[in-house]
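Me: Please choose one part of this model and take me through it closely. I should like to know how that part is built and where its residues lie.

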Amino acid sequence: MIRLILLGGPGSGKGTQADRMKERYKAVKISTGDLLREEIRRESELGRRARQFMDKGELVPDDIMIGILDKITQKFESRKQSYILDGFPRTLPQAEALLEMLKKQEVALSSALLIDVPESELVRRLSSRWTCKNCGATVGYPDGKPRHAVCGQCGGELYQRDDDKKETILNRLKVYRKNTEPLIRYFEEKGLLKRVNGFGDPDSIAAGIAEILEHLPRT
Ligand code: ADP
Ligand code: ZN
């Protein structure tokens, strides 16, 4: 089984790479962003609470996120199902809580994989990013979206996320720098960090990740 975290700024390609990895490693992707957007769509109580933060590019409070992840990791552990976390942890308390959860489950994190992308590139990608309404896949159109473009994965309708607007993008980057970047040190000190260059085309980045995962311990 593998239990993997993907670290990286908004727009670093975590979701895209997780989608590619899941077939290869028979893992499920747990995207906290997708999960919260689904709750908003369903107009659940959780969705209503999360939305207030997400629309501003702020983080959803730690206690909410940790509760969600506790349930999910237990579920997959009991099924012996490998998983890739995309978007969690995003703060130090979340990181600590995750390692604590795994300890209680008597298992270990395989690795925290950092997808390293310069900030100027993140802004460029997010401002041109379109997301599939149906499957959540994303595609970048730096020169504007062609009128009849649809999702390359499933043919679904493409839209621009509310938080992929200029001011919100800048705030998400600020939040990333302040809250999430410190996790790089945190996992480095625990000997769990692996870095991959995330600047380039998705195929070569996927190859870089595959190279790293080859050498990871499985349990
Ligand atoms: P991106 O990685 O492109 O910023 P995500 O889809 O991962 O986007 O997350 C979108 C939003 O969902 C975040 O800006 C935040 O408000 C909320 N969110 C997702 N994961 C977490 C988390 N682990 N902790 C707090 N908020 C989260
Ligand atoms: Zn799709």
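Reply: A residue is called buried under 20% relative accessible area, exposed over 50%, and partly exposed in between (1.4 Å probe, protein chains only). The model is predicted: local features need pLDDT of at least 70 and side-chain atom pairs pLDDT 80 or more, while totals for chains, interfaces and linings use all residues. Residues are numbered from 1 along each chain, chains are lettered from A and ligands numbered from 1 in the order written, and side-chain values use heavy atoms, without hydrogens or water.

The part chosen is the site of the zinc ion (ligand 2). Its protein donors (N, O and S atoms within 2.8 Å of the metal, or 3.2 Å for Na, K and Ca; water is not included, so sites may look incomplete) are the SG atoms of C132, C135, C151 and C154. These sulfur atoms lie 2.3 to 2.4 Å from the zinc ion. The angles among the four donor atoms run from 102 to 117°, and the site is tetrahedral (all angles between 85 and 135 degrees).

Along the chain, the donors of the zinc ion follow the spacing C-x2-C-x15-C-x2-C. C135 belongs to the loop between β5 (129–132) and β6 (138–140), and C151 to the loop between β6 and β7, so this pair ties together parts that are 16 residues apart in sequence. Strands here are DSSP runs of E, at least two residues long, numbered from the N terminus.

Turning to the accessibility of this pair, C135 counts as partly exposed, at 36% relative accessibility. C151, by contrast, is buried, with a relative accessible area of 6%.

How values were computed. Tetrahedral: all angles 85-135°; square planar, octahedral: opposite > 155°, others 65-115°. Helix = DSSP H or I, 4+ residues; strand = E, 2+ residues; numbered from the N terminus.
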